[in-house]
Amino acid sequence: MPSVLDEIIAGVREDTGRREAALPVDRLRDACEAAPPAKDAEAALRRPGLSVIAEVKRSSPSKGELSEITDPAALAASYVEGGASAISVLTEERRFNGSLADLDAVRTVVDVPVLRKDFVVSEYQVWEARAHGADIVLLIVAALPDEQLRDLMHLAGSLGMTSLVEVHDEAETGRAVDLGARVIGVNNRNLKTLDVDTTTFARLAPLIPQERVRVAESGVRGPEEAALFRRAGADAILVGEALVVGGDPVAGVRGMLGAAVTR
């Protein structure tokens, strides 16, 4: 029986095929050449203390609709005001209600690095991400064989982008490390069951060399979890749901950064 991840990727392939038919990759390459250079996201996430990657996230497969977000650009600007080091923008359409239009809107108002958060399974999506101004692209180890993961990382690097390589268990972590991933995200959510186990990061972080950037993803409900992941070795946390439903994105980001310093 297909997992949730399998179902999402099937939809992503169909939607990507539709966009590629309408806009061939050659035109994306032209747009990439005309775009400003990608920002150095790895350097931004290496700054002293804990970095926050704050997410523009309307919906999720596990919770359904989270927030209407009528103005993604304003939300992103609030995150930056609160101290976010980078902005993540969901662009997957079916389960997360995201879009490349959201990415465009956010890119126009923030100077920090921007992550295209999607289920990337083709080179076209990497070119697409850069053409729309993304500086970081998410690559999920569970969705990609080693050869394809290596090729996508290389393409992203050739475009000046940073790959956030996401892992969920020991085997995937080993693969990411062996392939030379510089920024590795440990997702505390099991993408097959959607269950969250916040101990996953602490279990896998020691397997990631100190010189790599370690990002804790999912399960950050507030300052307590931010401090927990920082103590476990996180250089950055990726936070979506807690910030979009919290009512005050500026204070939300500041609270997580403050907790990581004082606890």
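How many cavities of 30 Å³ or more does the structure hold? The answer, for this predicted model, is one. That cavity is a good place to start, and the barrel, the pockets and the helix packing follow from there.

The largest cavity comes out at about 60 Å³. Its lining is made up of V12, D15, T16, R19, T91, E92, E93, R116, D118 and Q125. Helix α1 provides the largest share of this lining, with four residues. Sorted by class, the lining has six charged residues, three polar ones and one nonpolar one.

Some of these names come back where helix α1, residues 4-22, packs against α6. On the α1 side the contact is built from V12, T16, R19 and E20, and on the α6 side from Y124, Q125 and E128. Three of the contact residues are charged, two are polar and two are nonpolar. The two helices lie at an angle of about 65°, and their axes are 10 Å apart. The crossing of α1 and α6 is left-handed.

Helix α6 (residues 123-131) also packs with helix α2 (residues 25-34). Here the angle is about 35° and the axes are 8 Å apart. This crossing, too, is left-handed. From α2 come V25, L28, R29, A31 and C32, which meet Y124, W127, E128, R130 and A131 of α6. What classes of residue make up this contact? Seven are nonpolar and three are charged, with no polar residue among them. Y124 and E128 of α6 thus turn up in the contact with α2 and again in the one with α1.

Now to the sheet. Eight strands, all paired in parallel, close into a barrel, and going round it the order is β1-β4-β5-β6-β7-β8-β9-β10. On average, and ignoring direction, neighbouring strands are turned by 25° against each other. On the outside of the strand list, so to speak, there is a helix to mention: α8, residues 170-178, packs on the sheet and touches both β7 (162-167) and β8 (183-187). The direction of α8 makes about 155° with that of β7. Further along, strand β9 (residues 213-217) pairs with strand β10 (residues 236-239) in the parallel sense, over three bridges. Within this part of the barrel, E217 sits opposite L238 of β10.

The pockets come next. The largest pocket has a volume of about 540 Å³, and 30 residues line it. Which of them are closest to its centre? They are K57, N187, R189, S218 and G219. Strands β6 (136-140) and β10 and helix α11 (241-244) each give the lining at least two residues. The class count for this lining is 14 nonpolar, 10 charged and six polar.

The second largest pocket, at about 220 Å³, is lined by 16 residues. Closest to the centre of this pocket are H168, D169, R189, N190 and L191. Its lining divides into seven charged, five polar and four nonpolar residues. R189 is worth a second look, as it is listed among the residues closest to the centre of the largest pocket and also among those closest to the centre of the second largest.

Definitions and conventions
Residues numbered from 1 in each chain as written. Predicted model: local features only at pLDDT ≥ 70, side-chain atom pairs only at ≥ 80, totals over all residues. Heavy atoms only, no water. Axes fitted to C-alpha atoms, helices over the stretch in contact; angles between N-to-C directions. Left-handed = near helix turned anticlockwise from the far one by under 90°. Contact = heavy atoms within 4.5 Å. Nonpolar A, V, L, I, M, F, W, Y, C, P; charged D, E, K, R; others polar. Pairing = 2+ DSSP bridges. 1 Å grid on protein atoms, 1.4 Å probe; cavity = no way out; pocket = protein on both sides within 12 Å on 5 of 7 lines; lining within 4 Å. Points joined across faces, edges and corners; volume = space filled by probe spheres on them.
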